[in-house]
Amino acid sequence: MTTRKKKKIDIVAYRKLLCENEISKGLAKTLKEQIIFPIENFLEIGTGTTDFMTKHFIIEERNKNISKFYAMEPVDEYFEESKRHVVRLSRTDAITQEYYGGNPFDFVFSAFVLNHVYPDQKLKFLKNVRENLKRNGTFMLVDSLIPTYKNEDDRKQKVLDHYKLQADYAKKSKQDCLIKYFDSIVNKSCDDVWLGNYKISVEDMRSLLEKARFKNIQIQLFEGKDKYDWKGLGYYIIRASN
Ligand SMILES: C[S@@+](CC[C@H](N)C(=O)[O-])C[C@H]1O[C@@H](n2cnc3c(N)ncnc32)[C@H](O)[C@@H]1O
């Protein structure tokens, strides 16, 4: 498994973080508007607690808008939680396995996963996704990306600035769950599984998708309702096809 995990994941705290957070609510609303159904074989990589989009996909399957919903979740605590909701769930690590049950897929979705994948494994992750997509199939991912940087030191500084901005936004918008989360990151008391430490820029993301031979790459900045430096916060919805 590529994510470093030091302590047991607190599912209740992670769920609270997602469910009480206006950014994730806004992102989920936008995604629900943008994903066009019906879709036949659908895969989600990294379901986590299932609160962000997974439960929505399960409802779409129940409503016959998705023919078959598959998911993979390699982290034990998240797997146990996801198993309570997802029928076709595997423990597959998207990097080490080249075959996912149910492939080739019409649509692959992944939210806040790539930032947890080591830099030298991101390309393998993306190539695996593309190779398991049908021709013209869609890959959609959501992640937070940092601004353009000059070198590795500058990248580290931009990551820190990025988290400071997240902490500032949380304080300004009075979102207690986010304040605790981003403060713990800035103070470095946070576990890697939460952090998503291996952040890349918009340019890196485009270049990796191109190297993985994706086509029709679209990288869209998410902007919430209130006035803020949304580019600095850096939430993006990314779409590419095989
Ligand atoms: C921050 S959680 C996000 C969970 C969920 N998508 C959400 O938005 O709430 C990060 C997720 O990335 C998954 N992940 C990290 N590395 C992975 C890999 N190599 N293969 C599959 N999933 C991975 C973890 O298992 C975890 O579910």
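Which residues in α5 meet which residues in α9? Before selecting them, note that this is a predicted model, in which local features need pLDDT of at least 70 and side-chain atom pairs count only at pLDDT 80 or more, while totals for chains, interfaces and linings use all residues. Residues are numbered from 1 along each chain as its sequence is written, and side-chain values use heavy atoms, with hydrogens and water left out.

**The whole protein**

Begin with the full view, where the protein has ten helices and seven strands (DSSP runs numbered from the N terminus, H or I of at least four residues for helices and E of at least two for strands). The C-alpha trace spans about 40 × 35 × 35 Å along its principal axes. Buried residues (under 20% relative accessible area with a 1.4 Å probe, protein chains only; over 50% is exposed and in between is partly exposed) account for 55% of the 242 residues.

**Helices α5 and α9**

Now select residues 122-131, helix α5, together with residues 202-211, helix α9, whose axes come within 9 Å and cross at roughly 50° (axes are lines fitted to C-alpha atoms, for helices over the stretch in contact, and angles run from 0 to 180 degrees between N-to-C directions). The two helices, α5 and α9, are therefore oblique to each other (under 35 degrees counts as roughly parallel, over 145 as roughly antiparallel, 65 to 115 as roughly perpendicular, and the rest as oblique). Display the side chains to answer the opening question: K122, L123, L126 and K127 in α5 meet L208, L209 and K211 in α9, contact being heavy atoms within 4.5 Å. The residues of this contact of α5 with α9 divide into four nonpolar, no polar and three charged (Ala, Val, Leu, Ile, Met, Phe, Trp, Tyr, Cys and Pro are nonpolar, Asp, Glu, Lys and Arg are charged, and the others, Gly among them, are polar).

**Helices α1 and α4**

Move next to helix α1 (residues 11-19) and helix α4 (residues 76-83), which pack at an angle of about 70° with their axes 11 Å apart. These helices, α1 and α4, are therefore roughly perpendicular to each other. Here I11, Y14 and R15 in α1 meet E77, Y78 and E81 in α4, and the contact residues divide into three nonpolar, no polar and three charged.

**Helix α3 and its surroundings**

Finally, select helix α3 (residues 54-62), in which T54, H56, F57, I58, E60 and E61 are buried. To see what surrounds them, add α2 (22-34), β1 (39-45), β2 (66-72), β3 (88-90) and β4 (105-111), against which the buried residues of α3 pack. The tour ends at K64, which follows α3 and has a positive phi, near 65°.
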